[in-house]
Amino acid sequence: MTAIIELDHATIRIGGRTVLADASFTIKTGEFIGVLGPNGAGKTTLMRAILGLLPPSAGRVCVFGRAPQRGDQAIGYLPQLRTVLPDLRVRGLDFIASSMHGERWGLSWHAHADRRIIDETLAAVGARELSQRPMCDMSGGERQRLLLAQSLIGSPKLLLLDEPLISLDARHQEVAIDVVRKVCRERGITVLFSAHELNQLLGTLDRVLYLGNRQAVLGHVDDVVTAPVLSRLYGADINVVRADGHIFVMSHGLDVERADHMHDHAGDGDGHDHHHH
Amino acid sequence: MVTTTIIIDMFEYEFMNNAFAAAGIVAVVSGIVGYFLVMRGQTFAGHALSHIGFAGATGAGLIGLAPLWGLLGFTLAAGIVMGLLSDRISNRDVAIGVVLALALGFGLLFLHYYTSFATQATALLFGNVLAVDRAMIATLAVLGAITLAALGLIMRPLIFVSLQPELAEAKGVPLRFISTAFLAIVALAVSECAQIVGVLLVFTLMVGPPAAAQRVTNGLWNGLVLSAGLALSEAWLGLVIAYYTDWPVSFCIAVLSALGYFACLAAPALRADRTQDTHAAHEVAES
C-alpha cells in the first residue's frame, strides 16, 4: 500500500498559534483513520492543511505524493462548519448541484449527466428521496446524509469528514458510519473521519490519529489509546478504562470525550440543530 | 369596454409610457439581483448601500452632476469596500448601521449647502418614476444589462459560495472576489432601483419579491423567475393603481410588495395545514 498523506516534520500554525509542531506520520491508501483529540487540538486545521488551504510553516505536507493543491478534485470534503440558510427552500438536488463545477464562471446550468451522478450518489448513501426535498425541511440526519453524498461526488480518492456525527442521534450516527464504511471499502477510498467519541468507530477504523498538545500520534487503537500516550496529548492525567469492548478515556473520574461532546453541543448546537424532527 | 379605454387612455401620456418602461427594466433587475441578496442574508447591506447612495446623490447635486452618477459612484465604492472587508464588516449589522447613519448625515449636510436641491430630496428618498425621460430609460437599460451580465458571469460560483462557503473555499473558489463582485453588482442594482422607488424604498423591489419567491419555490431558477415576475407585476400594478388613485407610485409598489410577501409567507403554512387536516381526516376515518 502506498502513502496517500505524508507529514514530514510538519509544523502548522494558525493566527500565531502553533497547532501541530514537528509532526510526522504516513497514511496509506484505503485506510480508515479516526481522527480524535480534545477540542481545539487541530482536527479541522489538519484537514485544511491537507486541502491546501493552510501551508505548513515548517516541514512538509504531502498529499498524493505532492504538495496539496487547493481545489484538488480527488479529495472529498465535509466541513465541520456547515452554513445553514434557514429560509431558503433549496432542494437537495440543487444544493449538491451548486458544488459541482461550482468554481467555474457563468450561469448555473446543470447537465443531465450531472443530475444522474447526483442521483446515483444519493442512492449509494440511501438518500435518493432527498433530491426533491427542500433542505430546510430535512432533519439533521437527512441533511448529513446529503452532505455525505455530496462529498462522494467526483469519485474522490480521499475523503475528509470533519465531525460528520455532530447533531446526529445515536442511531443515525451508526447509520452514517456504516454508509461511509461500505461506500469507502467498495471504492477503495481513504478516509479521515474526525469524531468526539472513539467507541462508535472502534469496529470500523483501521488506525487512529490522536491529536493534542501540538502533537499527533498515529497507530492502532491498542497502541495509541493508552494512559501514557493520552496523558501526553491531553496534558493531564488520563486513565484509559476498557470494559465490555468499549474504551473510556477518563480524567479524574470524568469521561473526557463525553464531556467534550456535551460542551460542544451547548456551544454551537444552535447552528446545526435547527430542524430536528 | 370602459376599462380598456381607460387603460389605453393611460398610455396616451408619454410620462406613463416612460414610467412603465423604466419601472419594468428596474423591477426585473431588482428582482433578480435581490434574489441573491436575500439568499445570502445580506439585505441589510443592500439597505445600507442605498443610504450611502443618498449621500452620493446629494453630493453630486452640490457639484452640479446628475444624482444618478453620485448614487452610482458612492454605492459602487461602498459596495467594493464592504466586499473587501467582508470578513470583518459585511455581516456586522452594527458597523453597517453606523456607516449608513453617517452617510445619511452627509446627505443632509450636502442638502444644507445646496438648498435649491432640496426639492429633489423627496424624489431621491421616495422616488419619482413619473419624471423619468427617454434618456434615463436608455441609461437604465444599459446599466441593467451590465448588471445582469456581470451577475450571469459569477452566478455559478456565487451560488456555491452562498450555500456552502466552507466547501467552496476548499474547492478553490475565490470567496473574497466573489463577495466583492456581488456587492458591486448590488450597488448597481440599488442605484437603478432608487431611481424608481427612492433610496428609502429599495426594499420594495429588491427584498419583498425575492423573499416572497423563496418562500414558495424549491428550485433556484423557478425562484429567480418568480422573483423577477413578482417585482415586475408589483411595479406595473403599482403604476396603474397610482394612476387611478393619485397616490404616490412608490407607496402603491410598497403596499403590493408587502402584500405579496405576506401572501407567500402564509401560503406554505396553509398547505401544511391542509395536509395535516387530511391526515387527521384519514385517522378519523380509520378509527
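Two strands pair if DSSP finds at least two bridges between them; helices (H or I, at least four residues) and strands (E, at least two) are DSSP runs, numbered from the N terminus. The model shown is predicted: local features need pLDDT of at least 70, side-chain atom pairs count only at pLDDT 80 or more, and totals for chains, interfaces and linings use all residues. Residues are numbered from 1 along each chain as its sequence is written, and chains are lettered from A and ligands numbered from 1 in the order in which they are written.

**View 1. The sheet S2-S1-S4 of chain A is open and antiparallel.**
Three strands of chain A make up this sheet, in the order S2-S1-S4. Strand S2 (17-28) and strand S4 (58-63) of chain A occupy the edges with a single partner strand each, so one side of each has no neighbour in the sheet. On average, neighbouring strands are turned by 20° against each other, direction ignored; axes are lines fitted to C-alpha atoms, for helices over the stretch in contact, and angles run from 0 to 180 degrees between N-to-C directions. Strand S1 (residues 3-14) of chain A pairs with S2(A) in the antiparallel sense over 8 bridges. Within S2(A), Phe25(A) stands opposite Leu7(A). Helix H1 (residues 43-50) of chain A lies across S1, S2 and S4 of chain A and runs at about 120° to S1(A).

**View 2. A hairpin of chain A is formed by S10(A) and S11(A).**
Strand S10 (residues 239-243) of chain A and strand S11 (residues 246-251) of chain A run antiparallel and are joined by 5 bridges. Val241(A) has Phe248(A) as its bridge partner in S11(A), and Val240(A) stands opposite Val249(A) in S11(A). The hairpin has 2 residues between its strands, and Asp244(A) in the turn has a positive phi of about 60°. A residue is buried if 20 or more other C-beta atoms lie within 10 Å of its own, exposed if 12 or fewer, and partly exposed in between, with C-beta atoms placed from the backbone. S10(A) is hardly covered, as the count of buried residues among its 5 residues is 0. These strands belong to an open antiparallel sheet of 3 strands in the order S10-S11-S12 (chain A). S10 and strand S12 (254-255) of chain A stand at its edges with a single partner strand each, so one side of each is left without a neighbour in the sheet.

**View 3. Chain B has 13 helices and 0 strands.**
Buried residues account for 52% of the 287 residues in chain B. Two residues are in contact if their C-beta atoms, placed from the backbone, lie within 7 Å. Of the contacts in chain B with a separation of 6 or more, 76% are between residues 24 or more positions apart. The pLDDT, the predictor's confidence in each residue from 0 to 100, averages 86 in chain B, where 87% of the residues score at least 70. Over residues 272-287 of chain B the pLDDT is below 50, and this stretch has 0 contacts in the model beyond near neighbours in sequence.

**View 4. Helices H2 and H3 of chain B are shown with the glycines that come after them.**
The expected span of a helix is 1.5 Å times one less than its number of residues. For the 26 residues of helix H2 (residues 14-39) of chain B this gives 38 Å, in agreement with the 37 Å between its end C-alpha atoms. After H2(B) comes Gly41(B), with a positive phi near 65°. Helix H3 (residues 43-62) of chain B, with 20 residues, reaches 29 Å from its first C-alpha to its last, close to the expected 28 Å. Because 17 of its 20 residues are buried, H3(B) is largely enclosed by the rest of the structure. Gly64(B), just after H3(B), takes a positive phi of about 85°.

**View 5. Ile196(B) is found in helix H9 (residues 175-197) of chain B.**
Ile196(B) counts as buried because it has 29 C-beta neighbours inside 10 Å. Neighbours within four places in sequence left aside, Ile196(B) is in contact with Ala22(B), Ala23(B), Val26(B), Gly127(B) and Val129(B). Leu109(B) and Ile196(B) are 87 residues apart in sequence and 24 Å apart in space, C-alpha to C-alpha.

**View 6. Chains A and B meet through 28 residues from chain A and 26 residues from chain B.**
Helix H2 (residues 92-99) of chain A gives the most to the side of chain A that touches chain B, with 4 residues. The model scores ipTM 0.84 and pTM 0.86.
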